[in-house]
Amino acid sequence: MKKNIILTSIALLFSSLGMMLYSFCGFYVAKADASLFNNKSEVIIVRDGIHNVITMSSDFKGDLKDFAMVVPVPVLLKENDIRVVERNVFNVLNDYSAPRLVEYYDQNPCYDYFSKDEMVFEMSAAPTSVGKAITLNEAKKFGVTIEAQYSIEEYEVLILSAKESTGLKDWLTANNYKIPASAEEVLQPYIKSNMKFFVVKVNAEKMKDVTSGYLRPLQLSFDHEKFMLPIRLGMANSQGSQDMIVYGFTQTGRLECTNYRTVKMPTDRKIPLFVKEKFGEFYKAIFERTYQREGRNAVFLEYAWNVSPYTAVKCDPCVGNPPYNQDFVNAGVSWLNEMNGNATIFFTRLHVRYSRGKFPADLQFQITPNNENFQCRYILTHPASGAFDCDKAQNYLSDLYNRRRNEVDEMYALAGWVDPKSTQYVREYVKDMKEKPEEIKNEILPVAPGDGGGNNNGIGDKKSPAPFLVVALLLGLTWFAAYAGKWMKKLRPV
């Protein structure tokens, strides 16, 4: 008997402790990653002094011989300034910083537990074939200079300069680059700024040795005073808007755009539980609504955190496994190995949806001293389980009713969503309340969409009369009034 009492006490202790931890901790349940958005690109930018590292990922689909990429760069890149990295570095950074959905659990107030606190810029379809061999003489005829030519793993790279945009466009066209009609006006500002052009094709033979089967990201390193990301060339063949996710790394603080506003995405909002199954679409709607509200010309902050090796917590809660030091090194964080574990790494995730009309200039950045942590997250809160048979429960149920009303309001404010399940969701626990909320105490409930025709969710004692009975009664009275006189004449004696 004594042994059983001890075992039972231990079980209760762990059960209570488990409930306490369950109510304190948030659990990640879903993320809204970059794959949600069409026509999107992902770019990693690292800034250390005047040193820049830009890593570009392509989501190109199709025959690899049709792929080409043209990127303006401010300096003449050497061969060792260009390298190929694995796609996994983008997956890790995206998973870790993506907008997230988390869930918490209420405890039942009737139980004596602890209290709860609550840059890829692709040119159209690109060439259909490698075309004839490129020679310096051919380039010169168009006013184009081939500054350098490299073969880097599965890529063939040219660094070009040009005297004017028409010649550059004609040379690219002559060498089977399919250039959109608007490319000439887009190229000209870069030529006037004496920028070079990083031009890439895929070597089909070498690509056979790439076991992953997809195009691996290219990484460029160079020193330059300007801290910018060229996006205008990427709009040359665009008919609308494009999404770009920027993963930025600095030593001091948050990355912000200087020539467009940097705006925080709405965060830490409590939303209805039924959003869980469609969170991806929900976040897309939030982003679209926020994008429109901010005038379609802002850059949006989705994550900012000190992810240095010496920091224990890098998110709350985390969406994926934390990046390893090698992931940061692969992304271009060169100072990590130089500082023997004492390096500061500040990670910023920006989301920009850009179009020709709203983003006439390339993105200019600055490093700020702001090292405040930020994450884009939305909260599900599960109601307590068990019986609500104590006085404290009535206050809890009243708070739960009001909280759920606010959650439905937040759903609409954030995403513009109106869901037929909302009425039932808000009133689910009113049946357990001894004193009904004033606004529904004597209410005759309408039939809510999706309630199946007669469910009043247990609220009140009255039910709505069936609508078809009311209509039938009115039609009957009208018919009777119209024909009653004729019947009376027939019955009158002659």
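In this predicted model, buried residues account for 48% of the 494 residues in the protein chain. As for the outside, the accessible surface of the protein chain adds up to about 24900 Å², and carbon and sulfur atoms own 53% of that. Running along the protein chain are 12 helices and 20 strands.

One helix gives a handy picture of what being buried looks like. Helix α2 covers residues 88–97, and seven of its 10 residues are buried, so the helix is largely enclosed by the rest of the structure. The buried residues of α2 are Val89, Phe90, Val92, Leu93, Asn94, Tyr96 and Ser97.

Next come the cysteines. A disulfide, to put it simply, is a covalent bond between the sulfur atoms of two cysteines. The count for this model is one disulfide, and the partners are Cys110 and Cys390. Their sulfur atoms sit 2.1 Å apart, which falls within the 2.5 Å cut-off for calling a pair a disulfide. This bond also has a handedness: the torsion about the S-S bond of Cys110 and Cys390 is about -90 degrees, so the disulfide is left-handed.

How do individual cysteines fare when it comes to exposure? Cys110, one half of the disulfide, is partly exposed, since its relative accessible area is 23% and buried would mean under 20%. Cys257, at a relative accessible area of 7%, is buried. Cys376 is also counted as buried, with a relative accessibility of 1%.

Notes
Residues are numbered from 1 along each chain as its sequence is written. This is a predicted model: local features need pLDDT of at least 70, side-chain atom pairs count only at pLDDT 80 or more; totals for chains, interfaces and linings use all residues. Side-chain values use heavy atoms; hydrogens and water are left out. Buried means under 20% relative accessible area, exposed over 50%, partly exposed in between (1.4 Å probe, protein chains only). Helices (H or I, at least four residues) and strands (E, at least two) are DSSP runs, numbered from the N terminus. Accessible areas come from the Shrake-Rupley method with a 1.4 Å probe; for residues, only the protein chains shown count as cover.
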